[in-house]
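Here's a quick tour of the model, written for someone who likes cut-offs spelled out. Have a look at the structure first, then read on.

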Amino acid sequence: MQKCIDDCLACYQTCLSMAMNHCLELGGEHVAKEHLTLMMACAEMCRTAAHFMIIGSDHHPYVCAECAEICEQCAKDCERLGDMEACVAACGKCAASCREMAIPMTASGA
């Protein structure tokens, strides 16, 4: 679990920093509403997933499942735009860690 917490916090830091610095500096498609919204959602979801694991919430597998989904979307969008390798890598690593922590939604009855 600690590895997933660390990966989530690293992704949170990377996405937030890149959105507020790198993307704003580059402009163009990097500051499109859809892209920035996705990056901010990714950062916040990563922070939230880490928080749920740190406090020992029984809901962390569900939060981790959603975090993995958002991280995968963010990685794809950052890869599409280019010049965002750090974000692509952090999101990919976090998504993989969260997938390991997540309970498949079909198994939970949801």
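Which kind of link do the side chains of Arg 99 and Glu 69 meet in? They meet in a salt bridge, at 2.6 Å from N to O. A salt bridge here is a side-chain nitrogen of Lys or Arg within 4 Å of a carboxyl oxygen of Asp or Glu.

## Ground rules

This is a predicted model, where local features need pLDDT of at least 70, side-chain atom pairs count only at pLDDT 80 or more, and totals for chains, interfaces and linings use all residues. Residues are numbered from 1 along each chain as its sequence is written, and side-chain values use heavy atoms, with hydrogens and water left out.

## Overall layout

The protein chain has four helices and zero strands, running α-α-α-α from the N terminus on. Both element types are DSSP runs numbered from the N terminus: helices are H or I with at least four residues, strands are E with at least two.

The radius of gyration of the protein chain is 14 Å, which agrees with the value near 13 Å for a compact globule of 110 residues. That radius is taken over C-alpha atoms, and the globule rule is 2.2 Å times the number of residues to the power 0.38. Along the principal axes, the C-alpha atoms fill a box of roughly 40 × 25 × 20 Å. Of the 110 residues, 45% count as buried (buried is under 20% relative accessible area, exposed is over 50%, partly exposed is in between, with a 1.4 Å probe and protein chains only).

Take the contacts (heavy atoms within 4.5 Å) with a separation of 6 or more: residues 24 or more positions apart account for 71% of them.

## Salt bridges

Side chains of opposite charge can pair when their charged atoms come close. A search of the whole structure finds seven salt bridges. Back to the opening pair, Arg 99 and Glu 69: Arg 99 sits in helix α4 and Glu 69 in helix α3, so the pair ties together parts that are 30 residues apart in sequence. Arg 99 is partly exposed at 34%, and Glu 69 is partly exposed at 36%. Elsewhere, salt bridges with shared partners join Lys 3, Asp 7 and Lys 93 into one network.

Within that network, Lys 3 and Asp 7 have their closest N and O atoms 2.7 Å apart. Both lie in helix α1, four residues apart, or about one turn of the helix. Asp 7 is buried, with a relative accessible area of 8%. In helix α2 (residues 33-54), Arg 47 and Glu 44 are three residues apart, so about one helical turn separates them; their salt bridge has a closest N to O distance of 2.5 Å.

## A cysteine-lined spot

Cys 94 belongs to helix α4 (residues 85-101) and is buried, at 0% relative accessible area. Leaving aside neighbours within four places in sequence, Cys 94 is in contact with Asp 7, Cys 8, Cys 11, Cys 46, Cys 67 and Cys 71. From Cys 94 to Glu 72 is 8.8 Å, C-alpha to C-alpha, with their positions 22 residues apart in sequence.

## Helix α3 and what follows

Helix α3 (residues 60-81) has 22 residues and reaches 31 Å from its first C-alpha to its last, close to the expected 32 Å. The expected span is 1.5 Å times one less than the number of residues. Gly 82 follows α3 with a positive phi, near 85°. In the loop between α3 and α4 lies Asp 83, a residue other than glycine whose phi is also positive, near 60°.
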